[in-house]
Amino acid sequence: MTEIMIPLEIEILIGLATGLVVGITGASGVLLVVPLLTMLLKFSMHTAVGTSLFVDVITPLVVAFTYYRHGNVNLKAALWLAIGAILGAQAGALVANQFVPSELMSKGFTLFMLIMALSMWIKSLRPKKENVKVRLSEMNHKNRLITLGIGLLLGVNSGLFGAGGGMMFLLVLLVILKYPTHLAIGTSSLIMAMTAASGTVGYALQGNVDFRTGAVIAVAAVGSGLLGARLVNKVNEKILNRIVGTIFAVIGVIMYFIQ
C-alpha cells in the first residue's frame, strides 16, 4: 500500500491562518485547525482535536507574551483558572476518547462557535463602562476557590471538545469576570496554553495526536500569531469585539454545513 503524503504547503497555510485567528481573538487554535484538518486532510475528529490541542501548547504562549508586554495578562487569575482547567482537561479527554462519538463532538464545536459570536456582537453594542474594576483581581482564599472551580469546568469542556475550552475561557473572562476585551484575550491565551498541554497528554495516550503535523502548524502559526496580537493591541475595543464575533460566526456556519 502506497503511503499518501500530506502536502507540507497545506499544513503551513493552516498554521498561518490559525496563528492569525489566535492572535486576533485569543481563542483556541482548534477553531481553525479542527475544521481544516477534517476537511482538507481527512483527519478523524478525535485526531484533529488531539493534534490541535498540541498546536495550542505553543501558539497561545507566544500570543500571551505579546499581550503581557502590553499589560494585558492577569497572571494571578490565570494561574488558578489553569490549575483547575488542567485537571478538568484530563477528565474531559478521557471521556471524549472513550464515550463521545465524532458526530456529537462536531455539533458541540459548532454550538460553542455560534454562542461566542453572539456574545461578542452583543458586547460590542453595549455602552462602554469607564473604569470597570476587574473581578477577582485580588486573589484571596474565596476567589482562589471560585477561579479554581471555574477552571475545572472549563477544563472538562476543553478535553471534550477542544475548541470549547478556548472559547469558554474567553467567554467567562468577558461575561462573568467582566474583563476588558484586550485583557481577556491575553489572559485566556495563557490559560489555554497550560490547559492544552494537559489535554494533549490525554489524547496522546489514546494515540490521537499527530505530532509531526502539529509541529509544522505550530511553527507556522507563531509568526502570524505575533502579527495578529500586535495589530489587535492597537485596535478599538468595540471594533475588536465585532471582528472576533464575525470570525467565530463564519467558522461556526462553515462547520454546520460540512457536518
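Colleague: Let's start with charges: which residue forms a salt bridge with arginine 212?

Modeller: Keep in mind that this is a predicted model. Side chains of opposite charge can pair when their charged atoms come close. The structure holds one salt bridge, and its closest N and O atoms are 2.5 Å apart. The partner of arginine 212 is glutamate 11.

Colleague: How many residues apart are arginine 212 and glutamate 11?

Modeller: The salt bridge between arginine 212 and glutamate 11 links distant parts of the chain. Arginine 212 sits in helix H9 and glutamate 11 in helix H1. Along the sequence, the gap between them is 201 residues.

Colleague: Does glutamate 11 count as buried or exposed?

Modeller: Arginine 212, at 45% relative accessibility, counts as partly exposed. Glutamate 11 has a relative accessibility of 0%. Buried means under 20%, so glutamate 11 counts as buried.

Colleague: What is the overall pattern of the protein chain, read along the sequence?

Modeller: The protein chain has 10 helices and zero strands. So, going by that count and reading along the sequence, the pattern is α-α-α-α-α-α-α-α-α-α.

Colleague: And what share of the 259 residues in the protein chain do buried residues make up?

Modeller: One helix to look at is H2, which is mostly covered, with eight of its 11 residues buried. Among them are Val30, Leu31 and Pro35. For the protein chain as a whole, the buried share is 55%.

Colleague: Now the rings: what kind of pair do phenylalanine 54 and phenylalanine 211 make, with their planes at 80°?

Modeller: The count comes to one aromatic pair. The ring centres of phenylalanine 54 and phenylalanine 211 are 5.0 Å apart, and the planes stand at 80°. Planes over 60 degrees apart fall in one class, so this pair is edge-to-face.

Colleague: Which helix holds phenylalanine 211 in that pair?

Modeller: The aromatic pair links distant parts of the chain, 157 residues apart. Phenylalanine 54 is in helix H3 and is buried, at a relative accessible area of 17%. Phenylalanine 211 counts as partly exposed at 41%, and its helix is H9.

Colleague: Which residues does threonine 59 touch, not counting residues up to four places away in sequence?

Modeller: Threonine 59 lies in helix H3 and is buried, with a relative accessible area of 1%. Its C-alpha atom is separated by 9.1 Å from that of alanine 220, 161 residues apart along the chain. The residues touched by threonine 59 are Gly19, Val22, Ala218 and Ala221.

Colleague: How far apart in space are aspartate 210 and phenylalanine 43, C-alpha to C-alpha?

Modeller: Aspartate 210 has its place in the loop between helix H8 and H9, and it is partly exposed at 23%. Leaving aside neighbours within four places in sequence, aspartate 210 is in contact with Phe43, Thr47 and Thr51. Aspartate 210 and phenylalanine 43 are 167 residues apart in sequence, yet their C-alpha distance is 9.6 Å.

Colleague: What is the phi of lysine 42 near?

Modeller: Most residues other than glycine have a negative phi. Lysine 42, in the loop between helix H2 and helix H3, is exposed, with a relative accessible area of 65%. Its phi is positive, at a value near 60°.

Colleague: Which residues make a nonpolar surface patch of about 350 Å²?

Modeller: One member, leucine 16, is found in helix H1. Leucine 16 counts as partly exposed at 39% relative accessibility, so it passes the cut-off for patch residues of over 30%. The patch is made by Leu8, Ile12, Leu13 and Leu16.

Colleague: Last one: in which helix of the protein chain is confidence lowest?

Modeller: The average pLDDT of the protein chain is 75, and 74% of the residues score at least 70. Residues 1–5 stay under 50 and have zero contacts beyond four places in sequence, while residues 130–137 also stay under 50 but have 15 such contacts. Where pLDDT is low, the predicted coordinates should not be read in detail. Confidence is highest in H9, at a mean of 85, and lowest, at 67, in helix H7.

Note on methods. Residues are numbered from 1 along each chain as its sequence is written. Side-chain values use heavy atoms; hydrogens and water are left out. Helices (H or I, at least four residues) and strands (E, at least two) are DSSP runs, numbered from the N terminus. Buried means under 20% relative accessible area, exposed over 50%, partly exposed in between (1.4 Å probe, protein chains only). Patches are made of residues with over 30% relative accessible area and no salt bridge: like charges are joined within 9 Å, nonpolar side chains (Val, Leu, Ile, Met, Phe, Trp, Tyr) within 5 Å. Accessible areas come from the Shrake-Rupley method with a 1.4 Å probe; for residues, only the protein chains shown count as cover. A salt bridge is a side-chain nitrogen of Lys or Arg within 4 Å of a carboxyl oxygen of Asp or Glu. Rings of Phe, Tyr and Trp (its six-membered ring) pair if their centres lie within 6.5 Å; planes under 30 degrees apart count as stacked, over 60 as edge-to-face and the rest as tilted. pLDDT is the predictor's confidence in each residue, from 0 to 100. Contact means heavy atoms within 4.5 Å.
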